[in-house]
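Work through the exercises below with the sequence and the model side by side. Each task is followed by a solution in steps.

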Amino acid sequence: GIVGKTVECVTANINTKAKLSYNMEVNGRNKLKQLELVKTFIDEFNNAIGLKRLIRNSVPTTFIEGNYICYLRHEDNRYKVDYYPLGVCEISDYDVNGDPVVLFNIKELRSRLQKVYRKNKKNKALFFKSMEDEVKANYPQEVYEAFIAKEDYAKLDHRYTGVMRINNLNRKYGVTTIFRTFKDLLMLDTFDNADRVNAKAKAKKIIHQKLRKEVMGTELNKKGFEDMAYAHDNFMAAFKMPTVVCTTPPTVESITYVEPKIELTDVDTVNNYRSRVLASLGISFVMDSGSQSVSTASISVAQLMRTINMISEQLKDILTKWYKQILKDNNFPVEFAPNVEVIDSEVLDFALKKDIATLLYSTLNCSLESSLELLDIDINDEVIRRKHENDVGMDKIFFPRASTYTTSSDAVNSNEGGRPEGTDNTKESKKQYDKERQKTL
């Protein structure tokens with residue numbers, strides 16, 4: 001349906017690339033060495049938590065459900081990001097430095113973990129021996145401590161908690177954009193059910209064979225069952241044949257085909273509600289009605305991409321907070337924490353990328369790395385390749401072929417190009433000849 005296509009569009013257009021910028025100016029050998037250690041540590045952290053997978057999962061979930069609660073588990077420099085659905089986690093009325101404090105419902109956790117823990121033939125647990133072992137292995141330390149103490153709730157550490165919401169209007173919980181479409185979707189569902197019933201009714205063939213009233217006698221008190229049965233059997237015998245030829249008895253007045261007069265829902269009405277649903281979602285496609293166009297669809301998709309980018313900005317704030325916290329936990333200066341930028345979801349075509357890369361490098365005098373990144377080319381790979389080409393003398397192997405652009409007439413066997421040499425007198429004679437020729441034209 002429309003909502004499913006919208007979710008597919010959101011998932012397909014998410015850009016999982018994140019750009020890290022270390023903007024702090026560093027002087028001194030020790031500081032530079034420390035900065036390199038920080039870069040290596042942050043790269044390992046991103047690989048450990050699966051940053052691309054986190055972006056791919058968190059943004060669509062926030063769009064679909066309206067809320068996304070995650071927690072950075074940290075044990076012995078091992079990091080993992082867990083997602084907790086509403087019901088297991090609740091957002092409290094309090095916040096710390098703008099970050100909401102999240103409560104973990106221990107009772108709900110016990111209820112959801114009620115199951116039989118499977119064992120092998122040697123009576124050893126395949127995964128966990130008990131619920132306590134599972135909680136200890138898969139949940140934060142504060143949750144495990146509350147579970148052992150049989151508390152009802154555990155307060156998650158706000159330093160490692162991330163909350164993403166949309167359409168929350170400064171309230172505790174967000175609301176999915178899909179919620180706005182429920183009223184119109186209900187009408188479309190009603191139209192669909194009604195059309196299904198009407199289509200079945202129209203598919204039925206109803207033939208009415210009408211007898212004359214004289215069959216009932218002069219006083220109209222006879223039943224006329226015999227005449228009715230004879231006329232019915234006579235018509236049904238003829239109707240079975242490929243070509244129906246029916247000679248009715250005199251008792252039959254007429255045979256008519258009864259067709260239901262009901263009509264399916266008007267196409268314009270359906271398209272109107274479809275357009276309202278699409279407008280609520282912020283996405284549109286080429287419809288089968290004349291009012292829709294490719295340009296309109298493109299604008300609507302761009303609006304949806306802005307919603308995705310708004311969600312990505314919240315993920316950026318969460319990552320920045322985590323970067324600072326893990327640097328602090330590992331005794332690195334917090335000022336070395338990078339600025340992270342989740343790349344916009346709007347995908348540029350190659351021609352536009354090339355023009356922007358040329359603008360950055362040639363006009364604005366930006367670094368070569370910035371231009372190559374825009375073209376999805378890794379500068380470190382290019383450095384290694386160019387060094388290899390220089391080492392093996394690739395420029396001597398792939399030297400320019402002889403042509404009018406690379407070889408002069410006086411140096412056929414030479415690799416030197418350019419205008420042929422001539423004396424000053426020759427140049428002046430040529431100039432004078434050109435002037436006289438221009439006068440005659």
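Helices and strands here are DSSP runs, a helix having at least four residues and a strand at least two, and they are numbered from the N terminus. The model is predicted.

**Exercise 1. The chain as a whole**

Task: State how many helices and strands the chain has, and what share of its residues is buried.

Solution.
- Step 1. The chain contains 15 helices and 10 strands.
- Step 2. Of the 441 residues in the chain, 31% are buried.
- Step 3. Among contacts with a separation of 6 or more, 61% come from residues 24 or more positions apart.

**Exercise 2. Two asparagines in loops**

Task: Find where Asn-97 lies, and decide whether Asn-97 is buried or exposed. Then do the same for Asn-331, starting from its loop.

Solution.
- Step 1. Asn-97 sits in the loop between β4 and β5.
- Step 2. The relative accessibility of Asn-97 is 78%. The cut-off for exposed is over 50%, so Asn-97 counts as exposed.
- Step 3. Most residues other than glycine have a negative phi. Asn-97 has a positive phi, near 55°.
- Step 4. Asn-331 belongs to the loop between α10 and β10. Its relative accessible area is 68%, so Asn-331 is exposed.
- Step 5. The phi of Asn-331 is also positive, about 65°, although Asn-331 is not a glycine.

**Exercise 3. The sheet with β4, β5 and β6**

Task: Give the strand order of the open sheet that contains β4, and say which strands are at its edges.

Solution.
- Step 1. The order is β4-β5-β6, and the pairing is antiparallel.
- Step 2. β4 (89–96) and β6 (153–155) each pair on one side only, which makes them the edge strands.
- Step 3. On average, neighbouring strands of this sheet are turned by 30° against each other, direction ignored.
- Step 4. Between β5 (residues 99–105) and β6 there are 3 bridges. In one of the pairs, Asn-105 has Tyr-153 in β6 as its bridge partner.
- Step 5. Helix α6 (residues 141–148) packs on the sheet and touches β5 and β6. The direction of α6 makes about 150° with that of β6.

**Exercise 4. The sheet with β3, β2 and β7**

Task: Work out the order of the open sheet that contains β2, and find the bridge partner of Cys-70.

Solution.
- Step 1. This open sheet has 3 strands in the order β3-β2-β7, with antiparallel pairing.
- Step 2. Its edge strands are β3 (78–84) and β7.
- Step 3. The average turn between neighbouring strands of this sheet is 20°, direction ignored.
- Step 4. Strand β2 (residues 67–75) is joined to β3 by 7 bridges. The partner of Cys-70 in β3 is Tyr-83.

**Exercise 5. Side chains along β10**

Task: Sort the residues of β10 by the face to which their side chains point.

Solution.
- Step 1. In a regular strand the side chains alternate between the two faces of the sheet.
- Step 2. In β10 (residues 339–342), Val-340 and Val-342 point to one face and are buried. Asn-339 and Glu-341 point to the other face and are not buried.
- Step 3. β10 runs antiparallel to β1 (residues 18–21), and 4 bridges join the two. Opposite Val-340 stands Leu-20.

**Exercise 6. Residues in helices**

Task: Identify the buried residues of α1, then compare Ile-308 with Ala-199.

Solution.
- Step 1. Thr-6, Cys-9 and Val-10 are buried in α1 (residues 2–12). Down the axis of α1, these buried residues fall within an arc of 100°, so they line one face of the helix.
- Step 2. Ile-308 lies in α10. Its relative accessibility is 0%, so Ile-308 counts as buried.
- Step 3. Ile-308 and Ile-14 are 294 residues apart along the chain, yet their C-alpha atoms are separated by 7.6 Å.
- Step 4. Ala-199 lies in α7 (residues 182–203). At a relative accessible area of 40%, Ala-199 is partly exposed.
- Step 5. The C-alpha atoms of Ala-199 and Pro-260 are separated by 9.9 Å.

**Exercise 7. The second largest pocket**

Task: Name the elements that give two or more residues to the lining of the second largest pocket.

Solution.
- Step 1. The space in the second largest pocket is about 220 Å³.
- Step 2. Its lining includes Gly-98, Asp-99, Pro-100, Thr-161, Val-163, Gln-314 and Lys-321.
- Step 3. The elements asked for are β5, β7 (161–165) and α10 (294–329).

Key. Residues numbered from 1 in each chain as written. Predicted model: local features only at pLDDT ≥ 70, side-chain atom pairs only at ≥ 80, totals over all residues. Heavy atoms only, no water. Buried < 20%, exposed > 50% of the residue type's maximum accessible area, 1.4 Å probe, protein only. Arc of directions from axis to C-beta. Pairing = 2+ DSSP bridges. Axes fitted to C-alpha atoms, helices over the stretch in contact; angles between N-to-C directions. Contact = heavy atoms within 4.5 Å. 1 Å grid on protein atoms, 1.4 Å probe; cavity = no way out; pocket = protein on both sides within 12 Å on 5 of 7 lines; lining within 4 Å. Points joined across faces, edges and corners; volume = space filled by probe spheres on them.
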